[in-house]
Amino acid sequence: MRAAWIIAKNVIEESIRKKEIYVLFILSVAIMAVAAMASFFSLTGLVKYFTELSFLIVTYITVIIAVVVGARQLPTELNSRTIYPLMAKPLKRSEFIIGKWLGTSLISIFCFLVFEGIFIILLLSKGSSVSGILIQGIFLHILQLMLISSIVICLSAFMTNAANVTVSILYFILGHWIGKAISDALDKCGAFLVWMLKSLNYIIPHLDYFDLSKKIVHQWPPVPAWVIITVTIYAVVYISIFLLIGTLKFQRKQL
Amino acid sequence: MKKLGTGGGKHRPYNVPLCLCALLLCVLLLQIPLQTYHYSEASSVSVIPGGEIISKILGGVFSGSADLLWLKTDEYLHKGVTEHSHCHILEEAGIGGHTQHKHEHEHKGTEHGHELKHNRLDKLFAKLEYNLKPNITEHLHSKREDELMPWFKLTTTFNPHHVRAYAVGGYWLAFRLGKTEEAIKFLKEGIKNNPDGYQISTQIGIVYFSRLKDYKKAQYYFEKALKSQAEMDEYDKAGILRFLAFSYKFQGHTQKAIDCYKQVLGLFPENKKAVQIIARWEQEKD
């Protein structure tokens, strides 16, 4: 796994050198600051509106970071031919894929934790406190970032950078509605379609299981531990599946 | 030998820019009559300061966003529970809840010749969803009702013609949060953007009537609401007439107050309370 860690470190260093993360960082901090300072009818201490907006911005920005960083990994290595000297070294292709996934996940998680740090400071300055549900929400979003990174790395073995970014962002947006959409459609379908939709419901990862934002905003009590454990297992299973598919596809590539 | 696709004519490098300029000029000249025809005075309210042109281009986007923001007020009022998700999750998890919806669901299922059987995995996912999403309808704590206000303001910022957001927002400000001055300012902004929005005029009248006891100003706004060209149902009209009647009465204009109540009686002849009030005021007058 040492080789995978070296690959991951390269991904992180390369991402730090590029400018896009800094632009996204400035943009999200600016939006959070504006949201924190906004005044409505001279009311003070409005926490829910600020939490909702900040959590939404941070979620989207970190997913964009994961997608943009992850999608360019394999196509760039192939186009610039830097992959050939790498493959000449004693490095397994599975380690290469895992390293790329690890690097993408770590950079997006790091950005997320920085954003969350700023968000928590602003939240505390508004007189609010850090709740248990917020900690759970942060943990689930980290899992979501790892899952999305694995999907993006898997797709990058199949498609170009641009196509990958489009498909992944689209999936992230629609991924939160899949369960509900399928559930609604079940009422209107025949037996065969119901079977098809139910299968699809099991196959596609449900991103809404990683979203606690509504409970965080409305200050609900923490969710039971078994729920967090189940969602963690769910994420680990899907991450393994996507990394396996990505590795198998990458192993078939003629280099 | 001629090149294919050149058309055989002389190559003039200025032809394309000249054509483009001519077309742009045509478009600009057409803009004047089209703009005059298309945008009425009422629709030219700017969504963002100085952003009239942007609001015209993105009008639909702003209006749609405003509707979504309006739904947020309802979501906040019920601690993040939306009606639909609530029913669906409870039903899927088999945990209490909306029996009527469940019967409809069962009926639809059998109509297509099959029943939706839920296996263990379905139930596990349903329970997960139940725990991850807000699930019990509960009203926002009265001390945190101020959390609703940003959404009223944002709704009207995105769509200044959202009459309900002005009227309901004005009510919450004045009567739930005790911010009478802010409520009047917000409602006046609503009247400026929606001169025919009788609900806003009514609401500002109620604020003057109930909170400030300024019956003269209340009378002015109730009369303005009754003059509105917008469609108004008889219940709304009767409600405004009642407030107007009391505004007159408290200023000492008993006859005008009686006339108003007679109009209420015209709308609802069975209204016994209106008959009693008219009789009492007639007596007082004598």
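**Salt bridges, interface and core in a predicted two-chain model**

I will start with one residue, A:E20, which at 27% relative accessibility counts as partly exposed, where buried means under 20% relative accessible area, exposed means over 50%, and partly exposed is what lies in between, all with a 1.4 Å probe and protein chains only. Before going on, I should say that this is a predicted model, in which local features need pLDDT of at least 70, side-chain atom pairs count only at pLDDT 80 or more, and totals for chains, interfaces and linings use all residues, while side-chain values use heavy atoms, with hydrogens and water left out. Residues are numbered from 1 along each chain as its sequence is written, and chains are lettered from A and ligands numbered from 1 in the order in which they are written.

Which residue does A:E20 meet in a salt bridge? The partner is A:R72, with the N to O distance at 2.8 Å, and by salt bridge I mean a side-chain nitrogen of Lys or Arg within 4 Å of a carboxyl oxygen of Asp or Glu. This pair links distant parts of the chain, since A:E20 is in helix α2 of chain A and A:R72 is in the loop between α3 and α4 (73-79) of chain A, 52 residues apart; helices here are DSSP runs of H or I with at least four residues, strands are runs of E with at least two, and both are numbered from the N terminus. In contrast to its partner, A:R72 is buried, at 7% relative accessible area.

A second bridge within chain A joins A:E77 and A:K100, whose closest N and O atoms are 2.6 Å apart. Because A:E77 lies in helix α4 and A:K100 in helix α6 (residues 93-125), the pair ties together parts that are 23 residues apart in sequence. A:E77 counts as buried at 13% relative accessibility, and A:K100 is buried as well, at 3%. Over all chains, the rule gives 10 salt bridges.

Now to the interface, where 40 residues of chain A are in contact with 43 residues of chain B, contact meaning heavy atoms within 4.5 Å. The area buried between the two chains is about 3,800 Å², with carbon and sulfur atoms giving 63% of it; that is the accessible area, again with a 1.4 Å probe, that two parts lose on being put together, summed over both. On the side of chain A, the residues that lose the most area to chain B are A:F41, A:Y202 and A:W220, together 19% of what that side buries.

How many salt bridges does the rule find across this interface? There are two. In one, the side chains of A:E52 and B:K72 meet at 2.5 Å, N to O, and in another, B:E75 and A:K214 meet at 3.7 Å. The latter pair crosses from helix α3 (residues 59-77) of chain B to helix α11 of chain A. B:E75 is buried at 8% relative accessibility, whereas A:K214 is partly exposed at 29%. Through shared partners, salt bridges join A:E52, A:K214, B:K72 and B:E75 into one network.

As for polar contacts, nine residue pairs between chain A and chain B make one, both residues being at pLDDT 80 or more; the rule asks for a pair of N or O atoms within 3.5 Å, and within protein one must be able to donate a hydrogen and the other to accept it, with residues adjacent in sequence counting only if both atoms are side-chain atoms. Several helices of chain A each supply at least two residues to the side that touches chain B, among them α3 (48-71) and α10 (191-203), and the largest share, five residues, comes from α12(A).

Turning to the interior, the largest nonpolar core has 131 residues, of which A:F96 and A:F210 touch the most other members; such a core is a set of buried Ala, Val, Leu, Ile, Met, Phe, Trp, Tyr and Cys residues joined through side-chain atoms within 4.5 Å. Helix α7 (residues 132-156) of chain A gives the largest share of this core, 14 residues. Leaving out residues up to four places away in sequence, the residues that A:F96 touches include A:I7, A:L74, A:F250 and A:E77, the last being the residue that bridges to A:K100.

Finally, two backbone details. Most residues other than glycine have a negative phi. A:S42, in the loop between α2 (20-37) and α3 of chain A, has a positive phi near 50°, and A:Q219, in the loop between α11 and α12 of chain A, has a positive phi of about 50°. A:S42 counts as partly exposed at 43% relative accessibility, and A:Q219 counts as partly exposed at 43%.
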